[in-house]
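Me: Please show me the sequence and the structure. I would then like to put some questions about the pockets and the ligand.

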Amino acid sequence: MAFKTIIVENEDHIALIKLNRPDALNALNATLLTELSQALVEADKNSKVRCIVLTGSEKAFAAGADITEMADKTFVDAFGGDLFSEFPNKFLRVRKPIIAAVSGYALGGGCELAMMCDIIIASDTAKFGQPEINLGVMAGLGGTQRLTRFVGKSKAMDMNLTGRFMDAEEAERSGLVSRVVPAKKLMSEAMATAAKIAEKSALATMAVKESVNRSYESSLNEGLLFERRVFHSLFATEDQAEGMAAFMEKREPQFRDK
Ligand code: HXC
């Protein structure tokens with residue numbers, strides 16, 4: 001499918017989705033959000049795809065929701081139209097792992113988009129922030145919720161109240177990102193990580209994604225029970241028998257998603 005604001009490339013078992021509005025630092029306008037949702041739904045359906053990588057440009061992952069599209073909106077438009085509710089609903093239904101490869105600015109909706117992904121790999125040039133406060137508003141897509149769970153209350157308040165940016169080193173130290181790599185190595189690291197995930201049983205990787213996400217949505221006991229039951233259910237798969245046999249036979253497993 002031809003898109004205007006994103007570029008999609010399928011490489012082996014990886015769908016690479018690149019945000020592509022260079023003139024606006026990949027600001028998230030309505031077209032981009034619609035196209036991104038479509039690309040994600042397609043990647044999720046495509047049985048060849050086993051992992052998704054989402055990235056931007058060297059200068060910006062995404063500098064936030066498109067301010068020019070929001071400037072004239074009224075409360076009635078925002079609340080009545082339930083602004084930004086459709087996109088996360090679609091995004092969060094994707095069952096395959098999504099890696100955000102972040103270089104440059106990940107601000108406002110851009111930071112929130114990265115946090116909706118399953119793993120964030122950052123280049124040493126990455127800058128994260130929730131600067132909506134400078135526009136007289138606040139985060140609307142997880143910046144007060146997911147960020148607080150990642151980095152704790154004090155830093156989340158600091159970023160949301162002052163609008164200051166967090167560099168890659170602080171983001172890694174605070175638990176926002178899983179690794180920081182030199183800018184030149186960002187894409188090779190993200191693609192290698194995706195390839196590693198693509199080698200696993202897709203049944204098991206989907207089960208991991210659902211279970212880790214449960215930790216945010218339930219009490220510890222509920223989450224632990226969910227995890228244990230999903231773990232039990234994987235014993236119904238051929239991939240479990242294959243994975244464990246391969247270990248004992250000292251060979252690489254051949255997973256078939258069965
Ligand atoms: C629309 C944007 C934009 C945005 C940048 N641009 N961010 N357009 N919406 N969020 C445009 C600029 O207007 C400019 O266009 C071009 O991209 C390059 O940006 P510059 O400002 O010239 O670049 P630079 O001086 O390097 O500064 C980079 C920057 C700054 C620090 C990232 O652009 C900035 O502060 N952007 C806004 C960041 C922000 O407030 N984000 C939160 C948005 S609200 P022209 O045509 O002039 O060249 C939000 C709400 C989320 O995300 C709610 C739920 C989704």
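Me: Which class of residue, nonpolar, polar or charged, has 19 members in the lining of the largest pocket?
Reply: This is a predicted model, in which local features need pLDDT of at least 70 and side-chain atom pairs count only at pLDDT 80 or more, while totals for chains, interfaces and linings use all residues. Residues are numbered from 1 along each chain as its sequence is written, and side-chain values use heavy atoms, with hydrogens and water left out. Ala, Val, Leu, Ile, Met, Phe, Trp, Tyr, Cys and Pro count as nonpolar, Asp, Glu, Lys and Arg as charged, and the others, Gly among them, as polar. In the lining of the largest pocket, 5 residues are polar and 9 are charged, and the class with 19 is nonpolar.

Me: Which element gives the most residues to the lining of the largest pocket?
Reply: Helices (H or I, at least four residues) and strands (E, at least two) are DSSP runs, numbered from the N terminus. Helix 5, strand 7 (119-123), helix 6 (146-151) and helix 10 (202-217) each supply at least two lining residues. With 11 residues, the element that gives the most is helix 10.

Me: Why does the largest pocket lie between domain 1 and domain 2?
Reply: The bounds of the domains come from an automatic or database domain assignment. The pocket lies between domain 1 (6-198) and domain 2 (201-249) because its lining receives residues from both.

Me: Which residues around the ligand come nearest?
Reply: A residue is near a molecule if one of its heavy atoms lies within 4 Å of it. There are 22 residues around the ligand, and those that come nearest are Lys 59, Ala 63, Ala 65, Ile 67 and Gly 109.

Me: How many Å separate a backbone N or O atom of Ile 67 from a nitrogen atom of the ligand?
Reply: A polar contact is a pair of N or O atoms within 3.5 Å; within protein, one must be able to donate a hydrogen and the other to accept it, and residues adjacent in sequence count only if both atoms are side-chain atoms. A backbone N or O atom of Asp 23 lies 3.4 Å from an oxygen atom of the ligand. For Ile 67, a backbone N or O atom is separated from a ligand nitrogen by 2.9 Å.

Me: Which elements give two or more residues to the shell around the ligand?
Reply: The shell holds 13 nonpolar, 4 polar and 5 charged residues. The elements that contribute two or more of its residues are helix 2 (67-70), strand 6 (105-107) and helix 5 (109-116).
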